[in-house]
Structures are given as structure tokens and as C-alpha cells.
Amino acid sequence: MTMTTSQRNSLVQKYLWCIDSVMRQNGSLIRAAHLDQEDVYQSLALRLIRAVELYDPDMENGHSLENYIFMSLRYEMRTCSSARAMYGFRDAPHYLPNAVVAISALEESDPYWETRIAA
């Protein structure tokens, strides 16, 4: 489906409410993972734009644009809490528990922590 930028923007504005809905549904995940609300909103907004651009009604087996958008936003919610997104590790595996440790924890557990992180 080919559309102009103004048509795409119009559809994105029409479906912005989907972002708020997905964020409300995943509020406990956002809080538990200590995600910044604005960062999550921005990630979901980018995913919404891509979903509108990539939607092809012929390829979606009868799924409406709205259903496709919700599916895309829910997928993005999962990736927002990944180690890649949370810590900025580009090539990190999807699940990376305890990837970041506070410096104060290093100071308490290892007197040579500065030489270990420099290596």
C-alpha cells in the first residue's frame, strides 16, 4: 500500500490512542522494569509509524490496521524491557539479567574493582 507522508501522518495521529492503551495495559511491567515513561512512549510511537507504513491488508490475513498496530506495539513493549534497550548493549542477548551493577556494589565486594572494569 503506497501512501503519501501526509496520509501516513494522518493515520498515525488517528491511532495515537493505541500507544496510551498499550502503556496502560503494561503499566506494571513499565514500573517493575524501571522504564522511563517518555522513553517507552517514544519507542512505541516509532513502532506505530512503522506499523502504519508497513501494513499491507493483502498480507495480513484479514487483520485490520488497528489489530496490526496493537500487535506491533505489544511486541515493542517486550523489547523495551530487554537488556539491549535498557542498557544500550547493541549485541547483547535478549535476556541478560544483572547486566549492570552499581559501582557502590563493586566497591563493597571487590577492592580491585577499578582494574577489573578497565580490562
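**Exercise 1.** Decide whether Arg47 counts as buried or exposed in this predicted model, and find which residues surround its side chain.

*Solution.*
Step 1. The relative accessibility of Arg47 is 18%. The cut-off for buried is under 20%, so Arg47 counts as buried.
Step 2. Arg47 belongs to helix α4.
Step 3. Set aside the neighbours within four places in sequence; Arg47 is then in contact with Ser72, Leu73, Tyr75 and Glu76.
Step 4. With Glu76 there is also a polar contact, side chain to side chain, at 2.8 Å.

**Exercise 2.** Check whether the length of helix α4 agrees with the span expected from its number of residues.

*Solution.*
Step 1. Helix α4 runs over residues 37-54 and has 18 residues.
Step 2. The expected span is 1.5 Å times one less than the number of residues, which gives 26 Å for α4.
Step 3. The end C-alpha atoms of α4 are 25 Å apart, so the model agrees with the expected value.
Step 4. At the start of α4, a side-chain oxygen of Asp36 comes to within 3.2 Å of the backbone nitrogen of Glu38.

**Exercise 3.** List the buried residues of α4 and name helices that cover them.

*Solution.*
Step 1. The buried residues in α4 are Val40, Leu44, Ala45, Arg47, Leu48, Ala51 and Val52.
Step 2. Their cover includes α1 (5-14), α2 (17-25), α3 (27-32) and α5 (65-80).

**Exercise 4.** Locate His34, give its phi, and classify its accessibility.

*Solution.*
Step 1. His34 sits in the loop between α3 and α4.
Step 2. Its phi is positive, about 55°, although His34 is not a glycine. Most residues other than glycine have a negative phi.
Step 3. The relative accessibility of His34 is 72%. Exposed requires over 50%, so His34 counts as exposed.

**Exercise 5.** Summarise the protein by its secondary structure, burial, contacts and surface.

*Solution.*
Step 1. There are eight helices and zero strands, and the pattern along the sequence is α-α-α-α-α-α-α-α.
Step 2. The protein has 119 residues, and 30% of them count as buried.
Step 3. Take the contacts with a separation of 6 or more: 52% of them join residues 24 or more positions apart.
Step 4. The accessible surface is about 8,500 Å², and carbon and sulfur atoms hold 51% of that area.

Notes:
Residues numbered from 1 in each chain as written. Predicted model: local features only at pLDDT ≥ 70, side-chain atom pairs only at ≥ 80, totals over all residues. Heavy atoms only, no water. Helix = DSSP H or I, 4+ residues; strand = E, 2+ residues; numbered from the N terminus. Buried < 20%, exposed > 50% of the residue type's maximum accessible area, 1.4 Å probe, protein only. Contact = heavy atoms within 4.5 Å. Areas by Shrake-Rupley, 256 points an atom, 1.4 Å probe, with all protein chains shown as cover. Polar contact = N/O pair within 3.5 Å; in protein donor to acceptor, adjacent residues only side chain to side chain.
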